[in-house]
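Biologist: I am new to this structure and would like a close look at a single part. Please walk me through one sheet region and what surrounds it.

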Amino acid sequence: MDFFPDVPPPSGEDEPEESPQPAWRGAPSDILPGVVPVELILGRSDSTVVMLTGMRAFPTGLAMILGVRVRGRVYRDLHGEVLHGPYTHDMDADWQVGRLKWGFEFADGRRVTNLHPWPPYPDERDPAWEPDHPALIGGGGGGGDRYVDVDYWLWPLPPAGRLRVACQWLEQGIEMSTHDLDTDPFREAAARAKPIWPPN
């Protein structure tokens, strides 16, 4: 005697094709990136360090890790605030002024920061749509009371020339600071990136 019902026959319908993620939304999952050794402290105070590491270059943009470390008193909601919070206090004017701010300026003058709203997801009927400005999009991350690491995606791949990185976190005693990076290593690494699957 069978306990479980028979498995129904296949429906005969084709599996729906997975829509590719737009290039500006995040790093491609089917590309082995070129890696650039960047160990950059964006800003520092007596209690807090903001750093940029883990740079991976793709033909369409740069993936990276933004790291925050604090010492001394336990920060009220470090994880929430760095991951697009806050969640334990109001986003009032004082918080807006003193919050963590960081971003990039391309050699052609275009800028993008973590304060810019993410571009809206386009209509599915127009998968080729792209924003008319760069995008800096936060992804997954984790940490604890005194440390947080967050994945970020910068689209598009910066043009040749200087790539300026800016950081400010007044509430944590970090004044405005900038660092200039040469984009040649990123562009060379992006040229080394390659598909992980053989062509069909």
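Modeller: Start with a hairpin. Strand β8 covers residues 135–143 and pairs with β9 in the antiparallel sense, over seven bridges. Three residues sit between β8 and β9 in this hairpin. A135 stands opposite W155 in β9. Keep in mind that this is a predicted model.

W155 leads on to another feature. A cis peptide bond joins W155 to P156, with omega at about -5°. P156 belongs to the loop between β9 and β10.

Now turn to the other partner of β9. Strand β9 spans residues 147–155, and eight bridges join it to β5. These two strands also run antiparallel. One pair to look for is R69 and Y147: Y147 in β9 is the bridge partner of R69.

Strand β5 has a further neighbour. Strand β4, residues 48–58, pairs with β5 in the antiparallel sense over nine bridges. Here T53 stands opposite I65 in β5. β4 and β5 form a hairpin too, with two residues between them. So far, then, the path runs from β8 to β9, from β9 to β5, and from β5 to β4.

How covered is β5? Eight of its ten residues are buried. That fits a general tendency. In soluble globular proteins, nonpolar side chains tend to be buried together.

The largest nonpolar core has 35 residues. Within this core, L42, V50, L52, L62, M64, W102 and F104 touch the most other members. Strand β5, residues 61–70, gives the most to this core, with five residues. Another core lies apart from it. That other core has seven residues, and A63, A135, I137 and W153 are among them. A135 is therefore worth a second look: A135 is a member of the seven-residue core under the core definition, and A135 also stands opposite W155 in β9.

Take F104 next. Its neighbours within four places in sequence are left aside here. Beyond those, F104 is in contact with L52, M64, R110, R111, V112, L136, L154, L163, R164 and V165. L52 and M64 are listed with F104 among the core members that touch the most others. The contacts of F104 also include arginines, namely R110, R111 and R164.

Those arginines bring in charge. Side chains of opposite charge can pair when their charged atoms come close. A search of the whole structure finds six salt bridges. E105 forms one of them with R162, and the closest N and O atoms are 3.3 Å apart. This pair links distant parts of the chain. E105 is in strand β6, residues 101–105. R162 is in strand β10, residues 162–169. The two are 57 residues apart. E105 has 12% relative accessibility, so E105 counts as buried. R162 has 28%, so R162 counts as partly exposed.

R110 makes a salt bridge as well. Its side chain meets that of D108, at 2.9 Å from N to O. R110 is partly exposed, because its relative accessible area is 33%. D108 is at 47% and therefore counts as partly exposed.

R164 pairs with D180. Their closest N and O atoms are 2.7 Å apart. This pair also links distant parts of the chain: R164 is in strand β10, and D180 is in strand β11, residues 174–182. R164 and D180 are 16 residues apart. R164 has a relative accessible area of 29%, so R164 is partly exposed. D180 is partly exposed too, because its value is 45%. Through shared partners, salt bridges join E105, R111, R162, R164 and D180 into one network.

For contrast, look at the surface. L32, I196 and W197 form a nonpolar patch there. Together they have about 350 Å² of accessible area. L32 is found in strand β1, residues 31–32. L32 has 45% relative accessibility, so L32 counts as partly exposed.

Last, step back to the whole chain. The chain has three helices and twelve strands. Buried residues make up 38% of its 200 residues. Among contacts with a separation of 6 or more, 60% come from residues 24 or more positions apart. The chain exposes about 12300 Å², and carbon and sulfur atoms supply 54% of that area.

Definitions and conventions:
Residues numbered from 1 in each chain as written. Predicted model: local features only at pLDDT ≥ 70, side-chain atom pairs only at ≥ 80, totals over all residues. Heavy atoms only, no water. Core = buried A, V, L, I, M, F, W, Y, C linked by side-chain atoms within 4.5 Å. Buried < 20%, exposed > 50% of the residue type's maximum accessible area, 1.4 Å probe, protein only. Helix = DSSP H or I, 4+ residues; strand = E, 2+ residues; numbered from the N terminus. Contact = heavy atoms within 4.5 Å. Patch = residues over 30% accessible without salt bridge, like charges linked within 9 Å, V, L, I, M, F, W, Y side chains within 5 Å. Areas by Shrake-Rupley, 256 points an atom, 1.4 Å probe, with all protein chains shown as cover. Salt bridge = Lys/Arg side-chain N within 4 Å of Asp/Glu carboxyl O. Pairing = 2+ DSSP bridges.
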